[in-house]
Amino acid sequence: MVVSKKRVRSVCSYCGTGCGIELIVESRNGKSKVVGVSPQKTHPVSAGKLCVKGASVDKIINSSDRLEHPMVRNKKTGKLEKVSWERALDTVAKKLSEIKSTYGSNSLAVIASTKCSNEETYVTQKFARVVLGTNNIDNATRLCHAPTVYGLYEVFGRSAMTNSYADLAKSKYIIIFGENAATTQPIAFQKILECKKKGGRIVVVDVRMTETAEAADEFVQIKPNTDAILVAGMIKTIIDANLHDKKFIEKQTKGYDALVKSLEKFKMADVTKVTGVDEKTIKRIAKEYGKAKSAAIILGMGITQQSNGMETVQALASLALVTGNFGRPGTGINPLRGCDNVQGACDTGCLPNVYPGYASLTEKNIRRFEKFWRAQALPVSKGLSLTEVFEGVPERILGMYIIGQNPLMSLPDTDRLRKNIEGLEFLVVQDIFMTDVAEYADVVLPAACFAEKDGTITNSERRIQLLEKAADPPGKSMEDWWIVCEIAKRMSHNCAKQFEYKSSRDIFDEIRKCMPAYSGATYRKLKSVGGLQWPVSRENPEGTPILYKDGFGLGGPGSTEDRAVFYPIMFVGPRTYDHVFPFILTTHRLLQQYNTGTMSRHVKELQAAQPEPFVQINNKDAAELGVKDGEVVKIVSPFGDIRLKTRVTDKIQSKVLAVPNHYKEACPNRLIPANLDPISKIPALKFCNVRIEKIEKDEKQIE
Ligand code: SF4
């Protein structure tokens with residue numbers, strides 16, 4: 001038996017930090033297997049470290065639960081049965097073609113995966129537009145950072161973190177809004193903490209005393225979804241104290257007068273009443289931020305998963321703009337994006353309102369892509385978002401192709417969603433594991449995971465990195481780009497040539513030709529440790545760690561005449577008390593679990609560390625309700641109920657409950673209505689009126 005060992009460079013497949021890993025690969029008689037993982041020592045972000053998820057990422061690859069065969073539902077038995085790829089692909093192509101010709105292109109929708117490579121997300125949106133003929137294409141950013149994508153695009157013409165993790169360490173002042181980076185992006189958080197070690201100050205504004213808040217210099221506890229009001233109070237203080245950067249505002253921005261006018265409605269006493277933060281603290285942190293030589297804002301889903309998420313993101317951008325905190329190390333506005341390739345899925349055009357490279361749906365751009373893809377009549381009108389497509393079932397949407405997503409865990413109002421999914425005429429699900437939504441599919445397609453293919457992914461700080469294939473996928477599973485191209489070729493002989501790729505490198509070369517920000521990145525260049533941060537072009541051949549060094553609107557697709565735009569902030573008074581549902585439910589993520597649990601719950605070590613759901617409840621509230629720590633309770637909203645154990649703590653404020661969103665046995669999204677932010681269409685997953693009930697003895701308890 002011939003045994004050899006090698007190390008293959010790759011990127012952790014969990015969060016948007018994009019830590020560099022080496023997969024340890026053992027080959028026996030020509031068959032390769034990943035047998036371990038270790039950190040890349042010189043990686044620019046992770047520098048030889050991995051968190052508990054990254055350190056066990058190899059367990060996903062070798063899980064015995066991986067999908068290994070294509071399956072088609074037998075109409076007679078109602079069961080999914082293993083079939084050949086030929087049969088599965090023919091079934092998908094035939095059924096999608098039938099729906100398209102009978103009901104039209106817009107009766108179909110595609111959900112792209114934020115865990116696929118850039119090459120795969122690019123091919124997926126091309127398939128939706130060129131073959132299906134629809135802009136009904138979206139990805140999971142709709143559920144996490146859509147307000148960032150839409151909000152920052154309107155302010156700057158670009159939708160991404162302005163600075164880098166590494167240069168945040170050079171900041172003199174970091175203010176973190178609604179992000180528990182210590183658990184969601186633990187390695188990026190180590191970089192953030194370096195600011196403190198170097199004498200800088202870290203302030204955390206959050207609803208809960210999180211692990212991040214505990215490690216910071218100061219924790220400012222705020223009432224749920226009142227951040228925009230607090231930020232308005234901070235901007236007002238900065239202007240009143242003459243700490244604003246007048247020269248910067250005059251030269252590099254527009255809309256300042258409209259912002260100042262909107263602030264007239266904000267009286268500091270009202271800001272305190274609404275946010276729960278005392279006036280002295282608001283004024284002090286505003287002045288500290290305004291006076292700091294370099295101040296950075298970090299934001300997370302506590303900000304974005306709200307029905308006014310986009311307004312708050314733009315208010316935070318205004319806070320940075322009034323003080324001129326851009327284009328220098330340790331400044332800017334820095335959203336920490338969730339999944340490993342959610343940034344790339346957006347960059348490559350898996351959004352219903354833009355083509356690759358954030359090219360808006362203008363006549364000129366559509367003609368450009370028709371020529372580039374040699375396609376006819378590409379869809380012009382805006383498609384439906386991930387949070388809208390299911391509402392259209394079955395009147396408008398009849399067929400759906402879902403790749404690497406489990407909406408039955410990630411979307412709100414899941415009981416109603418389940419009925420909508422049942423109403424689909426045809427559903428294809430492509431994934432690496434069986435998921436709840438796959439149980440409803442007509443066809444299930446098994447996909448290769450990150451370690452089983454070549455490709456690129458783009459992390460939260462715009463870093464494009466190379467994935468190198470370390471092992472063959474299990475069973476009959478195939479790379480996502482291959483599957484999508486095979487369906488495309490079967491559906492349209494006219495377009496077949498447009499999906500005739502030999503490798504992911506072929507696809508990336510096409511991406512470089514239509515996306516200016518990626519134009520200078522080649523596989524050869526990306527082989528260097530840590531890859532390159534976009535834009536990578538002839539002008540920036542080594543990438544761009546800090547955006548807007550030379551001003552805004554750098555010729556990007558949403559160029560705002562070289563000026564960033566201020567947007568007014570709306571005053572909203574205190575929330576009225578709901579007597580039937582007096583608590584506010586918020587959701588959060590744990591260090592040892594990940595999103596819907598599709599990957600992390602298949603890893604024994606992670607599951608053992610955080611095996612079950614729980615609800616955090618304030619000591620005082622628990623005492624009033626007569627609820628003990630560890631007791632099973634029921635949380636009820638008008639949309640459903642869940643049962644789970646309590647964790648009684650003073651880390652959460654009174655009348656607020658917090659539940660992690662990883663466990664299907666107590667999925668908080670079941671309780672949450674589909675209240676959408678009007679433009680970005682994100683649901684308010686961090687804010688839901690609920691009540692908490694003790695479970696009577698004769699009710700069946702979970703244990
Ligand atoms: Fe993976 Fe994120 Fe942990 Fe890094 S911080 S090892 S990318 S989960």
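This passage looks at one buried strand and at several salt bridges in a predicted model.

The strand in question is β25, spanning residues 632-637. Six of its six residues are buried, so β25 is largely enclosed by the rest of the structure. The burial extends to both faces: V632, K634 and V636 are covered on one side, and V633, I635 and S637 are covered on the other. Readers with the model open may like to start from these residues and then turn to the partners of the strand.

One of those partners is strand β26, made up of residues 640-649 and joined to β25 by six bridges. The two strands run antiparallel, and a hairpin of two residues connects them. Within this pairing, V633 of β25 faces L644 of β26. Strand β28, residues 688-694, is also antiparallel to β25, and four bridges hold this pair in register. Here V636 stands opposite R691. The two residues named in these pairings, V633 and V636, belong to opposite faces of β25, and both are buried.

Attention now turns to charged side chains. Side chains of opposite charge can pair when their charged atoms come close. The structure holds 44 salt bridges, and a few of them are described here.

In the pair formed by R28 and E26, the closest N and O atoms are 3.0 Å apart. The two partners fall into separate accessibility classes: R28 is partly exposed at 40% relative accessibility, whereas E26 is buried at 16%, a value that lies under the 20% cut-off for burial.

A second salt bridge links K94 to E98, with 3.5 Å between the closest N and O atoms. Both residues sit in helix α2 (residues 85-103), four residues apart, or about one turn of the helix. K94 is exposed, its relative accessible area being 57%, while E98 is partly exposed at 35%.

The third example joins E218 and R201, whose side chains meet at 2.7 Å, N to O. Because E218 lies in strand β10 (residues 218-221) and R201 in strand β9 (residues 201-206), this pair ties together parts that are 17 residues apart in sequence. E218 is buried, with a relative accessible area of 12%, and R201 is partly exposed, at 28%. Beyond such individual pairs, salt bridges with shared partners connect E86, D90, E486, K489, R490 and E500 into one network.

Notes: Residues are numbered from 1 along each chain as its sequence is written. This is a predicted model: local features need pLDDT of at least 70, side-chain atom pairs count only at pLDDT 80 or more; totals for chains, interfaces and linings use all residues. Side-chain values use heavy atoms; hydrogens and water are left out. Buried means under 20% relative accessible area, exposed over 50%, partly exposed in between (1.4 Å probe, protein chains only). Two strands pair if DSSP finds at least two bridges between them. A salt bridge is a side-chain nitrogen of Lys or Arg within 4 Å of a carboxyl oxygen of Asp or Glu.
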